[in-house]
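Welcome! Here are some exercises to work through with the sequence and the model side by side. Try each task before you read its solution.

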Amino acid sequence: MSKKRLGPTDRVYPMPCPLVVGGTAENADTLAVAWIGIASATPPSIGMALRRTRHTLELIREHREFTVNIPSSDMADVVDFCGITSGRAVDKWAATGLTLEPAAAISTPLIAQCPYNLECRVTHEVEIGEYVFVIGEVIESHAEETVLDSEGAAVDVSLLDPLVYIAGSREYRKLGDKVADAFSVGRTLGEPPA
Ligand SMILES: Cc1cc2nc3c(=O)[nH]c(=O)nc-3n(C[C@H](O)[C@H](O)[C@H](O)COP(=O)(O)O)c2cc1C
């Protein structure tokens, strides 16, 4: 099968699209962040690329902490609003109706309407072109009971129904169907060497 070269790109498919909060209950701001992912499992850490001009980045740099708030797929309108307006010009809380609730271990608050939330403390910053890659250690996490599995121990991703972002076509989607069990289906090709 032939493939076409498309050149250097920043597109990876799909992407999450959480709302990241910086600041405190008094001055918090939030923005949509699709360029975000796990930077380490031990210690659990999240990395994200924020353009230097973001108001929320200023707050994150000032307080050295942030929260990652995973929206459900029915929150596309408020997420998008937070991704096309700056807190320098607009009170995003008043405009969207999103509300804040206290975190457990840091002073930056969580977004109450997002069913899954992570509390992070900044550990590293790497400057790359127009962006700052901010890495934060995950100090605590929270999930609404309604998105937990039947044992109440972990998030059930079908119940969470997280908002997904597609770069390039610039659209929001829902997750699709499960296709196989990870760390397992590969064994149908042979057992890994011990
Ligand atoms: C779907 C979507 C994804 C985005 N992802 C990022 C991102 O990964 N990094 C970034 O710096 N800005 C990203 N943005 C842009 C910011 O969310 C946007 O500039 C926002 O208005 C900044 O708000 P603030 O100035 O109040 O912090 C994204 C916007 C949208 C709509």
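**Exercise 1.** Find where Pro43 lies, and work out which residue a cis peptide bond joins to Pro43.

*Solution.* Start with the place: Pro43 sits in the loop between β4 (36-41) and β5. Strands here are DSSP runs of E with at least two residues, helices are runs of H or I with at least four, and both are numbered from the N terminus. Next, look at the bond: Thr42 and Pro43 are joined by a cis peptide bond, with omega about 0°. A cis peptide bond also joins Tyr13 and Pro14, with omega about -15°. Pro14 is found in the segment before β1 (15-16).

Two notes before you go on. Residue numbers start from 1 along each chain, following the sequence as written. The model is predicted, so local features need pLDDT of at least 70 and side-chain atom pairs count only at pLDDT 80 or more, while totals for chains, interfaces and linings use all residues.

**Exercise 2.** Inspect Arg64 and Arg170: is each one buried, partly exposed or exposed?

*Solution.* Here is the scale: a residue is buried if 20 or more other C-beta atoms lie within 10 Å of its own, exposed if 12 or fewer, and partly exposed in between, with C-beta atoms placed from the backbone. Arg64 lies in the loop between α1 and β6 (65-70). Arg64 has 16 other C-beta atoms within 10 Å, so Arg64 is partly exposed. Arg170 belongs to the loop between β11 (164-166) and β12 (171-173). Arg170 has 9 such atoms within 10 Å, so Arg170 is exposed. Now check the backbone: although not a glycine, Arg64 has a positive phi of about 60°. Arg170, also not a glycine, has a positive phi of about 50°.

**Exercise 3.** Trace the open sheet of 3 strands and say which strands are at its edges.

*Solution.* First, the order is β1-β11-β12, and the pairing is antiparallel; two strands pair if DSSP finds at least two bridges between them. Then find the edges: β1 and β12 each pair on one side only. Finally, follow one pair: β11 and β12 are linked over 3 bridges, and Val164 has Arg173 in β12 as its bridge partner.

**Exercise 4.** Which residues have the most contacts inside the largest nonpolar core?

*Solution.* A nonpolar core is a set of buried Ala, Val, Leu, Ile, Met, Phe, Trp, Tyr and Cys residues joined through C-beta atoms within 7 Å. The largest one has 36 residues, and Leu19, Val20, Ala32, Val33, Val79 and Ile111 have the most contacts inside it. Among the elements that give two or more residues to this core are β2 (19-22), β8 (110-111) and β9 (116-128). Take Val79 as a closer example: leaving aside neighbours within four places in sequence, Val79 is in contact (C-beta atoms, placed from the backbone, within 7 Å) with Cys17, Leu19, Ala32, Pro71 and Leu163.

**Exercise 5.** Which residues come nearest to the ligand?

*Solution.* Count a residue as near when its C-beta atom, placed from the backbone, lies within 6 Å. Of the 21 residues around the ligand, Trp35, Thr56, Gly83, Ser86 and Gly87 come nearest. Now see where the shell comes from: β3 (29-32), β5 (44-51), α1 (55-63) and α2 (76-84) each supply at least two residues.

Terms used
Contact = placed C-beta atoms within 7 Å.
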